[in-house]
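The following note sets out points on the model for a colleague's consideration. Each point may be checked against the coordinates.

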Amino acid sequence: ERVYYYTMEKKVILFNPGHGWNTPGKCSPDKSLMEWEYNREICKRCRDIFKEYGWDSRLVVFEDYDIDLSERARRVNNICNAYGSSNVLLIDVHVNAAGSEGKWMNGKGWECWTTIGQTNSDKLAEELYKAASIYLKNTQMRIDQSDGDKDKEKNYTVIYKVKCPAVLTENLFMDNKQE
């Protein structure tokens with residue numbers, strides 16, 4: 001059974017898989033998990049699940065190599081222009097890492113980022129935290145409630161430069177053997 005909190009009527013849900021095969025260092029220490037591959041797999045599965053329920057869901061990036069962040073934002077904004085910004089949602093998908101030394105680390109959890117300040121993106125992030133707490137029951141939720149909600153905030157290029165509500169998710173830690 002799936003639980004959905006966010007009203008999805010007439011929405012276009014965009015999934016942006018972070019990084020590409022040519023982004024250096026984005027892998028588990030043993031190289032068994034390549035972030036770009038995993039991100040694309042998550043995005044494709046999410047897109048397909050939403051499509052099963054009749055929602056318009058799409059990938060922002062089809063290429064396996066890294067696409068410039070401004071180009072990613074341009075692609076999203078083209079869809080915003082066609083459907084109206086209030087009818088589009090963007091989920092930028094990543095896998096976290098606690099270090100960059102190629103060693104196994106102990107970082108844990110799932111988190112969601114929005115841009116700085118209160119926006120409609122914060123509402124989307126709150127709904128994703130609700131869903132994550134159900135589907136990732138035994139997973140640590142990495143939160144920052146300093147502004148009254150759970151999301152972390154930073155003006156990451158893709159979510160900052162788009163016209164629609166947008167979040168960046170970090171889906172567990174690729175340099176933690178257990179996650």
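1. In this predicted model, Arg142 and Glu111 are joined by a salt bridge between their side chains, with an N to O distance of 2.9 Å. The two residues are 31 apart and bring together distant parts of the chain: Arg142 belongs to the loop between helix H3 (120-135) and strand S5 (152-153), and Glu111 to strand S4 (residues 110-114). Arg142 is partly exposed, its relative accessible area being 23%. Glu111, with a relative accessibility of 4%, falls under the 20% limit and therefore counts as buried.

2. Glu111 also takes part in a salt bridge with Lys152, where the closest N and O atoms are again listed at 2.9 Å apart. This pair likewise links distant parts of the chain, since Lys152 is in strand S5 and Glu111 in strand S4, 41 residues apart. Lys152 counts as buried, at 15% relative accessibility.

3. A further salt bridge lies within one helix. Lys130 pairs with Glu127, the closest N and O atoms being 3.3 Å apart. Both residues are in helix H3 and are three residues apart, about one turn of the helix. In an α-helix there are 3.6 residues a turn, so residues three or four places apart point the same way. Lys130 is partly exposed at 38% relative accessible area, whereas Glu127 counts as buried at 17%.

4. How many salt bridges does the count come to? The total is eleven. Among the residues concerned, Glu63, Glu71, Arg74 and Arg75 are linked in a network of salt bridges.

5. Helix H1 (residues 35-52) deserves separate comment. Its 18 residues should span 26 Å at 1.5 Å a residue, and the C-alpha atoms at its ends are 26 Å apart, so the expected and modelled spans agree. The buried residues of H1 are Glu35, Trp36, Asn39, Arg40, Ile42, Cys43, Arg47 and Phe50. They lie on the same side of H1, because the arc they cover around the axis is only 160°. Arg45 and Glu52, on the other side of H1, are exposed.

6. Which elements do the buried residues of H1 pack against? Their partners are strand S1 (12-17), strand S2 (56-59), helix H2 (69-83), strand S3 (88-96) and strand S6 (166-173). After H1 comes Gly54, which has a positive phi, near 85°.

7. Strand S3 is mostly covered, with nine of its nine residues buried. Val88, Leu90, Asp92, His94 and Asn96 point one way from the strand, while Leu89, Ile91, Val93 and Val95 point the other way; all are buried. In a regular strand, side chains alternate between the two faces of the sheet.

8. S3 is paired with two strands named here. S1 and S3 run parallel and are joined by six bridges; Ile13 has Leu89 of S3 as its bridge partner. S3 and S6 also run parallel, with six bridges between them, and Leu90 stands opposite Ala166 in S6.

9. Five aromatic pairs are found in a search of the whole structure. In one of them, the ring centres of Phe50 and Trp55 are 5.2 Å apart and the planes are at 40°, so this pair is tilted. Phe50 counts as buried at 16% relative accessibility, and Trp55 counts as partly exposed at 22%. Trp113 and Tyr156 form an edge-to-face pair, with 5.4 Å from centre to centre and 80° between the planes. This second pair links distant parts of the chain: Trp113 is in strand S4 and Tyr156 in the loop between S5 and helix H4 (157-160), 43 residues apart. Trp113 is buried, with a relative accessible area of 14%, and Tyr156 counts as partly exposed at 27% relative accessibility.

10. Phe50 thus recurs in two settings: it is one of the buried residues of H1, and together with Phe15, Tyr53 and Trp55 it forms one aromatic cluster. Strand S4 likewise recurs, with Glu111 of S4 bridged to Lys152 of S5 across 41 residues, and Trp113 of S4 paired with Tyr156 in the loop between S5 and helix H4 across 43 residues.

Notes: Residues numbered from 1 in each chain as written. Predicted model: local features only at pLDDT ≥ 70, side-chain atom pairs only at ≥ 80, totals over all residues. Heavy atoms only, no water. Helix = DSSP H or I, 4+ residues; strand = E, 2+ residues; numbered from the N terminus. Expected span 1.5 Å × (residues − 1). Buried < 20%, exposed > 50% of the residue type's maximum accessible area, 1.4 Å probe, protein only. Arc of directions from axis to C-beta. Contact = heavy atoms within 4.5 Å. Salt bridge = Lys/Arg side-chain N within 4 Å of Asp/Glu carboxyl O. Pairing = 2+ DSSP bridges. Phe/Tyr/Trp six-rings, centres within 6.5 Å; stacked < 30°, edge-to-face > 60°.
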